[in-house]
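I opened a fresh page to walk through this fold with you. Here is what I looked up, in the order I went.

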Amino acid sequence: MLTATYILVSLSVEQASIRMSLLAFQKYMQVQLRQQSRLSLAQLQYTGDWLNRLYQGSYWRKVEMYLIPAIRQAAPHADGLLDELNGLNHAALESINVVQQRAGAAIDHSELQAEQLCAAIDAFCAALLQRLEKEERELFALARKVIVGEAWFAIAYQFLAHDARAQEARRGKAQVLPFVLPAPLPAPLPAAGGAETLADGAASAPPAPAQPLRAQA
């Protein structure tokens with residue numbers, strides 16, 4: 001059916017955009033952090049904030065909002081696959097929590113290893129990239145089998161309404177995705193006794209990310 005093909009192609013375009021955002025963020029952070037042995041609170045806050053944005057953005061995808069509910073309705077037996085996808089979201093969430101916990105530990109001037117932060121970023125990106133791949137390989141194929149007739153037209157209508165709302169929103173504010181290269185990250189704070197204190201560095205840091213999230217079912 002042409003409607004089903006249109007919907008799945010539209011979803012593939014959305015998947016590609018998110019994949020590029022994740023890979024761009026991962027590469028940027030690797031370049032910025034791999035050669036550092038100690039990180040500042042500002043760097044951790046910046047990283048946690050972007051991980052949070054990318055994670056939250058995954059819940060506003062058309063796959064999550066429209067395709068998965070239609071599959072749940074058409075095929076209750078698909079819960080196994082959907083649970084696997086949700087498990088990958090949980091894995092990504094754990095990586096965000098690791099970064100946020102390290103940001104809290106920075107207050108006591110403890111040494112923070114860039115390698116550990118990069119590992120958390122890599123784990124986050126790997127989980128969401130694996131989810132994207134699983135959706136394209138298994139979820140889309142399942143959708144073709146279980147969603148029929150008028151259900152595809154209903155999803156297409158939801159897509160059109162979604163795109164119209166998104167276009168309207170872009171007129172008023174910037175979108176979270178895709179990730180674009182920002183200015184260089186703040187430099188690590190000087191050791192204790194230097195001219196700048198930890199409080200001074202924190203004051204100039206970007207806003208702290210939200211409290212650790214709770215994964216959605």
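The entries below go from the whole chain down to single residues.

**Entry 1: the whole chain**

I noted before anything else that this is a predicted model. I then listed the secondary structure and got 7 helices and 0 strands. Read from the N terminus, the order is α-α-α-α-α-α-α. The protein chain has 217 residues, and buried ones make up 45% of them. For the surface, I found about 11500 Å² exposed, with carbon and sulfur atoms supplying 58% of that area. I also looked at contact range: of the contacts between residues at least 6 apart in sequence, 89% join residues at least 24 apart.

**Entry 2: the nonpolar cores**

Which residues have the most contacts inside the largest nonpolar core? I found Leu22, Phe25, Leu33 and Phe124, in a core of 29 residues. Helices α1 (2–33), α2 (41–58), α4 (79–105) and α5 each supply at least two of its residues. The biggest giver is α5, with 11 residues. I jotted down a second, separate core too; it has 25 residues, including Tyr66, Leu82, Ala143 and Val146. As background, nonpolar side chains tend to be buried together in soluble globular proteins.

I picked Leu22 for a closer look. Beyond its neighbours within four places in sequence, Leu22 is in contact with Leu54, Phe124, Cys125, Leu128, Leu129 and Leu132.

**Entry 3: Asp122 and Lys134 on helix α5**

Asp122 sits in helix α5. Its C-alpha is 9.8 Å from that of Leu22, although the two are 100 residues apart along the chain. With residues up to four places away left out, Asp122 touches Gln26, Gln30 and Arg34.

Further along α5 (residues 114–146) I stopped at Lys134. Is Lys134 buried or exposed? Lys134 counts as buried because its relative accessibility is 13%, and the cut-off for buried is under 20%. I looked for a polar partner and found Glu84, whose side chain is joined to that of Lys134 by a polar contact of 3.0 Å. Outside the four-place window in sequence, Lys134 is in contact with Leu81, Glu84, Leu85, Leu88 and Leu139. So my note for this lysine pairs a relative accessibility of 13% with a 3.0 Å polar contact to Glu84.

**Entry 4: helix α3**

Helix α3 (residues 62–74) has 13 residues and reaches 17 Å from first C-alpha to last, close to the 18 Å expected. Where does α3 bend? The bend, about 30 degrees, is at Ile68, and Pro69 follows within four residues. The buried residues of α3 are Lys62, Val63, Glu64, Tyr66, Leu67, Ile68, Ala70 and Ile71. I saw Lys62 and Glu64 in that buried list, and Lys62 comes back in the next entry.

**Entry 5: Ser10 and Glu150**

Ser10 lies in helix α1. Ser10 counts as buried, since its relative accessibility is 17%. Setting aside neighbours within four places in sequence, I found Ser10 in contact with Lys62 and Phe159.

Glu150 belongs to helix α6 (residues 150–172). Glu150 counts as exposed because its relative accessibility is 62%. I looked up its distance to Thr3 as well: the pair is 147 residues apart in sequence and 9.9 Å apart in space, C-alpha to C-alpha.

Technical notes: Residues numbered from 1 in each chain as written. Predicted model: local features only at pLDDT ≥ 70, side-chain atom pairs only at ≥ 80, totals over all residues. Heavy atoms only, no water. Buried < 20%, exposed > 50% of the residue type's maximum accessible area, 1.4 Å probe, protein only. Polar contact = N/O pair within 3.5 Å; in protein donor to acceptor, adjacent residues only side chain to side chain. Contact = heavy atoms within 4.5 Å. Core = buried A, V, L, I, M, F, W, Y, C linked by side-chain atoms within 4.5 Å. Areas by Shrake-Rupley, 256 points an atom, 1.4 Å probe, with all protein chains shown as cover. Expected span 1.5 Å × (residues − 1). Bend = angle between axes of the 7 residues up to and from the residue.
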